[in-house]
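Colleague: Got a minute to go through this one with me? I'd like to ask about rings, pockets and cysteines.

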Amino acid sequence: MFKKIIIRIFALVIIIAGLNLIYNFTFYKKDLEEKCEQVVELRKKQPDTDIFYFAESSNFNVREDDSIKQSISEITNFFYPSLKITAINKPATHGGIYRHWLTHIDLTENKPKAVIITLNLRSFDANWIHSKLETPLQESVVLLKPYPKLLNRFLLSLNAFDNKTEQQRERDMIKEWETTQLEFPFPFKYKTVTEWDYHMAQGTYTKPDGSWDAEKITLACHYVKTYAFNIKENNPRVKDFDFMADWCHKNNVNLYFNLLAENLQYADSLVGKELVFLMKQNRDFLVNRYNKNNCKVIDNLEAVPGKEYTDQNWTTEHYSYKGRMAIAKNLANGLRTQFNNYYKAAY
Amino acid sequence: MVFVPKYILILFAIILIDYLAALTIEQLKGRLRLFYLVVSLIANIGMLAFFKYFNFANENLVTVFSWFGKEFHPVNLDIILPIGLSFHTFQSMSYTIEVYRGRQKAERHLGYFANYVLFFPQMVAGPIERYETLGNELREEHKPKYENFSDGFKLILFGLFIKMAVADNIAPFVNQVYSDPMKYNSLQVLGAVFLFSFQIYADFFGYSTIALGSARMLDIKIMDNFNTPYLSKSITEFWTRWHISLSTWFRDYLYIPLGGNRVTLPRWSINILIVFMVSGLWHGASWTFVVWGALHGLMILTERYTSKILKFKIREGWNVVNVLLTIKTFIVASFIWIFFRAEDFPKAKLIIKAMVKNWKIEKTDVPYLYAFVFSIVLIVIDIFLYNSRFDKRIGVTKIPVRWAVYAVLIFCLMALSGTQKFTFIYFQF
């Protein structure tokens, strides 16, 4: 009986291997276009690309009254007119997604001279890690996983990926806020995000008539929930960025992490210096960790003043033209170590 | 419908009550036997009523009170229907009834009885097995056999294909149109109505086949729940081929006790309507399901009366008339499914309205290609499997053909299955 079964299993494996080839030549591309158009775009544009720029909405989001609508990557490209910087964007994307895009760069032909990846501080927090947008994002990379393509497609059908419901994700987020201890090198009265958030919600801001300023309180609470965390080695995003740094080092691809600006001014005025301390401490962690080998961190954390943020009542990395320009300039300067010969002062 | 770990206690309660009731019934004589049967039935039906029909009953009471100008403020319970409750209560009830009727010996071993109720391949969505078959099978000694693995694998592969490639590729089309029917052209709405017939069949047939295959691998034979239902020439025949385990359950424990067909024609008509309306209600706590059941009952009555008046009898075999009758049956069943699929009467009305009135509006984009292709595939499969089953039919073909079929099924399953998450439709019952 066992001999019969083993022979049939062997036959099945051969059949599946053959079917994998058929899938690769028939439906794979269509599936990829449907689920992960960014990789299709990446492959299509690679022959004409010198530098790839992976980003979320920070790259292309503009303010309504901006007279110049260029994205950060396009403005950066002005400084290097003889190079082609190609942006691959997707809203809400983070390191866990970029790592899959990165490994789909063809290293045998038309290898890019460098890859720039946005390093978004918020993507390390519980708010983003457990965001409801995570399920579609994870779905979009199933076909890119390092398994046979047919198996990936089957995993997609089985919904075999990080496919939690919105409620589950919210529960995880709240649990993290409740249980993760905040660490400061100085005494601080709130031990967790929940405690801090609770305090902020207790009428911290009042209107001239004495009533609570709900709008301001909500925003202050949101700042706490967004930025009050200590990045540690076990953070899933750290693992993703570690992977990308190692991959680029191993494959001799120059990598730039473009650390995005955050609204430190508002964080300070709404919540206080403790929150700003955490933000800067997290920035230092990332800069120290990734500024090595052929990887460089472009630090823009404090590059954009508070009023240049598009969303004044929320925490986003959406900037006005001046904000995008400030980041692009910083980035262009950072690229000079490798591309000084191509650099041209554009502004 | 959801899996909540503490709900396992409900299962244990059902098992314990029916186990003890059956033992007691067997030992007693006279009217006390009936008393314990009633206790067992009340416990089972009560459990079902509490979880499934409590809020529905409240809603109806509010309406009834409002007819008389009175207000009724019910206490609605925030409860979730335990997964598969309707199936295992019916399975368990059939056992105590059979013991009461003296056709089945009471099981002395609690473990065997618990295994009968909890047998995993069919616990959640049937087939609703009888103790006479499944219970006794579970008592026998089973050894691993190659044939069981082989047949089980074939059935599971085929079941997965039917569910994941066929049903899950049809579902997006149907769901999209049903979510906002007035947006779609009449032809598309009509398409969705017919496609839902295929979707629900593939969804449930796929599950039942996987259950059959899983049991088969353990050397346990469970009953076929489907036998190419859309190749029925009448609705009467349809119900001998669709969800067979439920139809036979209602036949044995409701239709026959009501008098079956050994009563006058008017009484028989009422019996048929009662059975089908209860069957509709079994599916879900909503009047749409009751209407769905009632329409099937009415169709069966119509068929009986017209054949009597016209002295028409369907002949065996396939000819032009029978093909036309089969198409007619499919169309009728499809239209009746509208009440099953629509969440409420206004939605059902909207579907019918869109089907009739939207001929002139432009077609909206819907994912139709795979839905239609796999529906046609399902028809071809049904013709191929007419009065048979996949493992039996494929088992007699030549090896190259058989393996080529496996390869095609595996490819469709792995490369072309739907990618959205659709749980089995019958899990909600």
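Colleague: Which ring does the charged end of K52(B) sit over?

Modeller: Quick caveat before that: this is a predicted model, with local features needing pLDDT of at least 70, side-chain atom pairs counting only at pLDDT 80 or more, and totals for chains, interfaces and linings using all residues. Residues are numbered from 1 along each chain as its sequence is written, chains are lettered from A and ligands numbered from 1 in the order in which they are written, and side-chain values use heavy atoms, with hydrogens and water left out. A charge sits over a ring if NZ of Lys or CZ of Arg is within 6 Å of the ring centre and within 35 degrees of the ring normal. With K52(B), the charged end is 5.4 Å from the centre of its partner ring, and that ring belongs to W282(B).

Colleague: And how far is R336(A) from the ring centre of Y343(A)?

Modeller: R336(A) lies over the face of Y343(A). Its distance from the ring centre is 3.9 Å.

Colleague: How many aromatic pairs are there over all chains?

Modeller: Rings of Phe, Tyr and Trp (its six-membered ring) pair if their centres lie within 6.5 Å; planes under 30 degrees apart count as stacked, over 60 as edge-to-face and the rest as tilted. Over all chains, the total is 77.

Colleague: What kind of pair do Y116(B) and Y131(B) make?

Modeller: Their centres are 4.7 Å apart and the planes stand at 75°, so Y116(B) and Y131(B) are edge-to-face. Y116(B) is in helix α4 (residues 110-118) of chain B and Y131(B) in helix α6 (residues 131-139) of chain B, so the contact ties together parts 15 residues apart in sequence. Helices here are DSSP runs (H or I, at least four residues), numbered from the N terminus. So the class is edge-to-face.

Colleague: Are those two buried or exposed?

Modeller: Buried means under 20% relative accessible area, exposed over 50%, partly exposed in between (1.4 Å probe, protein chains only). Y116(B) comes out at 0% and Y131(B) at 3%. That makes Y116(B) buried, and Y131(B) is likewise buried.

Colleague: What about Y201(B) and F205(B): stacked or edge-to-face?

Modeller: They are four residues apart in helix α8 (residues 186-217) of chain B, so about one helical turn separates them. Both are buried. With ring centres 5.1 Å apart and planes at 10°, the pair is stacked.

Colleague: On to pockets. Which helix gives the largest share of the lining of the largest pocket?

Modeller: A pocket is an open set of points on a 1 Å grid over the protein atoms alone where a 1.4 Å probe fits, with protein on both sides within 12 Å along at least five of seven lines; lining residues have an atom within 4 Å of a point. The largest one has a volume of about 1000 Å³ (the space filled by probe spheres set on the points, joined across faces, edges and corners). Its lining has 36 residues, with S234(B) and T236(B) among those nearest the centre. The largest share, seven residues, comes from α10(B).

Colleague: And which helix gives the most to the second largest pocket?

Modeller: That pocket has a volume of about 600 Å³. Of its 27 lining residues, R122(A) and W128(A) are among the closest to the centre. The top contribution is five residues, from α9(A).

Colleague: Last one: how many disulfides are there over all chains?

Modeller: A disulfide is a pair of cysteine sulfur atoms within 2.5 Å. Take C36(A), which is buried at 0%: the closest cysteine sulfur, in C248(A), is 17 Å away, too far for a bond. Over all chains the count is zero.

Conventions:
Helices (H or I, at least four residues) and strands (E, at least two) are DSSP runs, numbered from the N terminus.
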